[in-house]
Amino acid sequence: METSVLRKRLTDTIEAAKRTAAARRGRADEAARAYAQFLDLVAVPLFKQVANVLKASGYNFSVFTPSGTVRLMSDRIAEDYIELSLDTTGEEPMVIGHSSRARGRRIVENERAVAELSVAHLTEEHVLEYLLKELVPFVER
């Protein structure tokens with residue numbers, strides 16, 4: 001292969017990778033702004049409502065909002081929680097739900113997208129559906 005052809009193809013590949021990375025960073029920045037608004041207006045208020053209903057039903061859970069996440073945590077066992085966070089490592093930024101349950105000495109963890117939608121399209125209903133599915137193991141004891 002000609003060195004000039006190889007150099008041209010390699011240069012084109014490098015420039016395409018830089019353009020793709022710049023576009024991904026732009027999407028991640030936009031998603032971070034939308035996610036901050038999503039946390040303030042949708043996720044945190046809904047998590048607080050769920051915690052209040054759980055407390056009224058005899059399940060003691062509290063809501064915490066560490067940087068960039070919202071977490072519904074058991075007041076009895078610190079390893080029992082459900083949280084939402086923004087994952088910008090993939091091609092498209094996604095809101096990821098993470099749950100953790102203590103089973104004796106073992107910790108069972110689960111992580112999945114709340115919905116296969118962008119942050120801007122997530123609704124209260126998507127979050128509630130995710131929470132209800134993840135709460136089943138905590139309330140069936």
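A nonpolar core is a set of buried Ala, Val, Leu, Ile, Met, Phe, Trp, Tyr and Cys residues joined through side-chain atoms within 4.5 Å. In this predicted model, the largest such core has 27 residues. The structure also holds seven salt bridges, and R24, R27, E91 and E92 are linked in a network of such bridges.

**Nonpolar core and surface patch**

- Within the largest nonpolar core, the residues with the most contacts are F38, L72, L84, V95, V127 and L131.
- Two or more residues of this core come from each of helix 1 (3–56), strand 2 (70–74), strand 3 (81–87) and helix 2 (124–139).
- Helix 1 makes the greatest contribution to the core, giving twelve residues.
- On the surface, M1, V5 and L6 form a nonpolar patch of about 330 Å².
- Of these patch residues, L6 is placed in helix 1.

**Salt bridges centred on R27**

- R27 and E91 form a salt bridge in which the closest N and O atoms are 3.0 Å apart.
- Because R27 belongs to helix 1 and E91 to the loop between strand 3 and strand 4 (94–103), this pair ties together parts that are 64 residues apart in sequence.
- R27 is also joined to E92 by a salt bridge between their side chains, with an N to O distance of 3.4 Å.
- E92 lies in the loop between strand 3 and strand 4, while R27 is in helix 1, so this pair ties together parts that are 65 residues apart in sequence.
- R27 counts as partly exposed, at 25% relative accessibility.
- E91 is likewise partly exposed, at 46% relative accessibility, and E92 is partly exposed with a relative accessible area of 46%.

**Salt bridge between strand 5 and helix 2**

- A further salt bridge brings together the side chains of R112 and E134, at 3.4 Å from N to O.
- The pair links distant parts of the chain, with R112 in strand 5 (residues 106–113) and E134 in helix 2, 22 residues apart.
- R112 counts as partly exposed because its relative accessibility is 28%, a value between the limits of 20% and 50%.
- E134 counts as buried because its relative accessibility is 9%, which falls under the 20% limit.

**Surroundings of E83**

- E83 is found in strand 3 and is buried, with a relative accessible area of 12%.
- The side chain of E83 makes a polar contact of 2.9 Å with the side chain of R71.
- When neighbours within four places in sequence are left aside, the residues in contact with E83 are T69, V70, R71, I96, G97, H98 and Y130.

**Surroundings of S62**

- S62 is located in strand 1 (residues 61–64) and counts as buried, at 17% relative accessibility.
- A polar contact of 2.6 Å connects the side chain of S62 with the side chain of D75.
- S62 touches K55, R71, L72, M73 and D75, if residues up to four places away in sequence are not counted.
- Two of the residues touched by S62 also appear above: R71 is the polar partner of E83, and L72 is among the core residues with the most contacts.
- From C-alpha to C-alpha, S62 and F138 are 14 Å apart in space, and they are 76 residues apart in sequence.

Conventions: Residues numbered from 1 in each chain as written. Predicted model: local features only at pLDDT ≥ 70, side-chain atom pairs only at ≥ 80, totals over all residues. Heavy atoms only, no water. Buried < 20%, exposed > 50% of the residue type's maximum accessible area, 1.4 Å probe, protein only. Helix = DSSP H or I, 4+ residues; strand = E, 2+ residues; numbered from the N terminus. Patch = residues over 30% accessible without salt bridge, like charges linked within 9 Å, V, L, I, M, F, W, Y side chains within 5 Å. Areas by Shrake-Rupley, 256 points an atom, 1.4 Å probe, with all protein chains shown as cover. Salt bridge = Lys/Arg side-chain N within 4 Å of Asp/Glu carboxyl O. Polar contact = N/O pair within 3.5 Å; in protein donor to acceptor, adjacent residues only side chain to side chain. Contact = heavy atoms within 4.5 Å.
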